[in-house]
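Let's walk through this model together, one element at a time. Have the sequence and the coordinates open as you read.

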Amino acid sequence: MLICPPIGHEYVNCHRALRQLAVRLAEAGFPVLRFDYYGCGDSAGVSEEGRVSRWLEDISTAILDLRQRTGLAQTCVVGLRLGGALSAMIGSQRDDVESLVLWDPVVNGKSYLENLLSLQKEMLRFRPKPKRKHARDHIDVLGFPLSRFLRSELEKVDLLTVAEKPAKNILLIQSHEADDQCSLHGRLSRTEARLECQRLEAPQIWLPTADGGLLVPSQVLQSVVAWIGKTHS
Amino acid sequence: MKNVVTNEVTKEEAVLFGERKSLVGVVTDPMRVTGNPRAAVLLLNPGIVHRVGPGRIYVKIARALAAMGFVVLRFDFSGIGDSTVRHDNLCFEKSAVRETQEAMEFLKRSRGVEHFILVGGCSGALISLETACCDEQVLGAVLINYPATEDEDEDANTDLKRRRAAHYYWNFALFNLKSWRKLFTGRANYRQLTQVLRLQVKRRFASRSTMPAKETSFAANLRALAQRDVRLTFLCSQGDPLLDELQEAGGDELQRSCALGKVTLDVIPRSDHTFSSLDDHDRLLDVILRRISAMRLPGHGTADSSELVFPAEAVPLDNSAVGL
């Protein structure tokens, strides 16, 4: 199993839940690899260097590493938010992704960027406005830089245009109402993939909480582990 | 994938340590060290955020300090981030201090370092101070948004709520045109304003003897650490009500220690509790680097006195993702 995290503040907010997921999958008998993309978390690189193209390469590297470590040919990828979009993009480029869990994936990069910017605007309402010493060529979203290049790459992300089926088996988890998630469901159901969609009442754990708490949505984790167990039994 | 990532200035290694090898951390080493090893810096979890810190600021701090020649360890306490939960009954305040000491022991064995500087935000600041009090290997600490009062439920504590409202009025609303417009157009919360003003008057004239026991022990800790010549830096966000609470809890002792140069109190302007903008990061990093550089090693002058001088900014590393 490979777990692909979100980026930026969403990565920090989801770390706890994704670790719990890894522990539960390991307890169910699956080897799991969690990793950080280049310029994210513990990995090399500064945040300003984040690139979609590099992160896609990182996922391929991680799949290769996982296969070498486990000796297993089948790979299952779990992707949350942008990690979901990236894993679907990688899955459609290769034929060895057996199963794919898309947990509230980013469907459209433009909307994703708009949401990030409005979240940043909302946060600034409750804190003193930062005083810029010098102009930056990147946008600040809650302490994470979005470079011009990264923004242009993100704008091109659109899962509705992914041509090939990203995996043989797909679980789409939706924990909140969103039009683009419904469109994605429609798009994926027209591929040859075996698709299951689950609508679960769960918090949007990637969003900052008022008390700074990090949420672990138990029902989502249970569903993912159960589906992977069923699919790979 | 590998657990060591290097560039020309720093080297990062994922490590497991502690009594049960259950604590996960990343050591950032300088690539070249001349002479005796300097003090090592430990970065302690801010609340329950894992070892990268909010906005990945701990990674920036670790790399910048390593570029100056310090060994830096950022790690997760039990039950936070990637470290497994403890199975004893030790409360967090005690287990975290013990685990910080285990981290120091690990660096002592693996890197030969004998003196330590602790850096922590929020609860990490609390643990830093507690550890400094009980371990003589600690020569200094940088305490970011130190929570000097009990972590109370704001909804249930009207006094705390009013203190926080007062902080907002004095620091922000007073200078905000929109707030004044609200005041003069009848849209302000006049009841709350009156309560806050009453609280300010009460606080000004209240006797210090009425301070809670915890606050008195905080001042006593400051005194004890000053006698041991442990250098403390309190770093506070201007936008954080904890600043007022710190000054109130530290009272005369804090003022005296600041006057003697044993303690410094730096306020990072226009920042919030988690330093959630890149400009906050720059300001925070700048102060941390300056304060840690100025901390003296026993018998070695200041901590940055060796001939190695590296640029004090995060440097790009060459390759590879770190997996766990």
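Asn169(A) has Arg194(A) in β8(A) as its bridge partner. That pair belongs to the junction of strand β7 (residues 169–174) of chain A with β8(A), where 6 bridges join the two in parallel. Helices and strands here are DSSP runs, H or I of at least four residues for helices and E of at least two for strands, numbered from the N terminus. Strands pair if DSSP finds at least two bridges between them.

Before going on, a word on the model: it is predicted, so local features need pLDDT of at least 70 and side-chain atom pairs count only at pLDDT 80 or more, while totals for chains, interfaces and linings use all residues. Residues are numbered from 1 along each chain as its sequence is written, and chains are lettered from A and ligands numbered from 1 in the order in which they are written.

Now step back to the whole sheet in chain A. Its 6 strands form an open, parallel arrangement in the order β2-β1-β3-β4-β7-β8. At the edges stand β2 (33–34) and β8 (194–199) of chain A; each has a single partner strand, so one side of each lacks a neighbour in the sheet. Helix α6 (residues 179–189) of chain A lies across β7 and β8 of chain A and runs at about 165° to β7(A). Helix α2 (residues 52–70) of chain A lies across β1 (2–4), β2 and β3 (75–80) of chain A, at about 160° to β1(A). These angles run from 0 to 180 degrees between N-to-C directions, with axes fitted to C-alpha atoms, for helices over the stretch in contact. Contact requires C-beta atoms, placed from the backbone, within 7 Å.

Let's move to chain B. Is helix α1(B) mostly covered or exposed? It is mostly covered, with 11 of its 11 residues buried; a residue is buried if 20 or more other C-beta atoms lie within 10 Å of its own, exposed if 12 or fewer, and partly exposed in between. The cover includes β2 (10–17), β3 (23–30), β4 (40–44), β5 (71–75), β6 (116–121) and α9 of chain B.

The partnership with α9 deserves a look. Helix α1 (residues 57–67) of chain B packs against helix α9 (residues 278–294) of chain B at an angle of about 40°, with axes 10 Å apart. Among the residues that meet are Ile57(B) and Leu65(B) from α1(B), and Leu284(B) and Ile292(B) from α9(B). Just after α1(B), Gly69(B) takes a positive phi of about 110°.

Next comes β5(B). All 5 of its 5 residues are buried, so the strand is largely enclosed by the rest of the structure. On one side are Val71(B), Leu73(B) and Phe75(B), and on the other Val72(B) and Arg74(B). β3(B) pairs with β5(B) in the antiparallel sense over 4 bridges, and Val27(B) stands opposite Leu73(B). β4(B) runs parallel to β5(B), joined by 4 bridges, with Val41(B) opposite Val72(B).

Val41(B) leads us to the core. Leaving aside neighbours within four places in sequence, Val41(B) is in contact with Leu65(B), Phe70(B), Val72(B), Ile117(B), Val119(B) and Ile292(B). The largest nonpolar core (buried Ala, Val, Leu, Ile, Met, Phe, Trp, Tyr and Cys residues joined through C-beta atoms within 7 Å) has 144 residues, and Ala40(B), Val41(B) and Leu42(B) have the most contacts inside it. α1(B) gives the most to this core, with 9 residues.

Key: Two residues are in contact if their C-beta atoms, placed from the backbone, lie within 7 Å.
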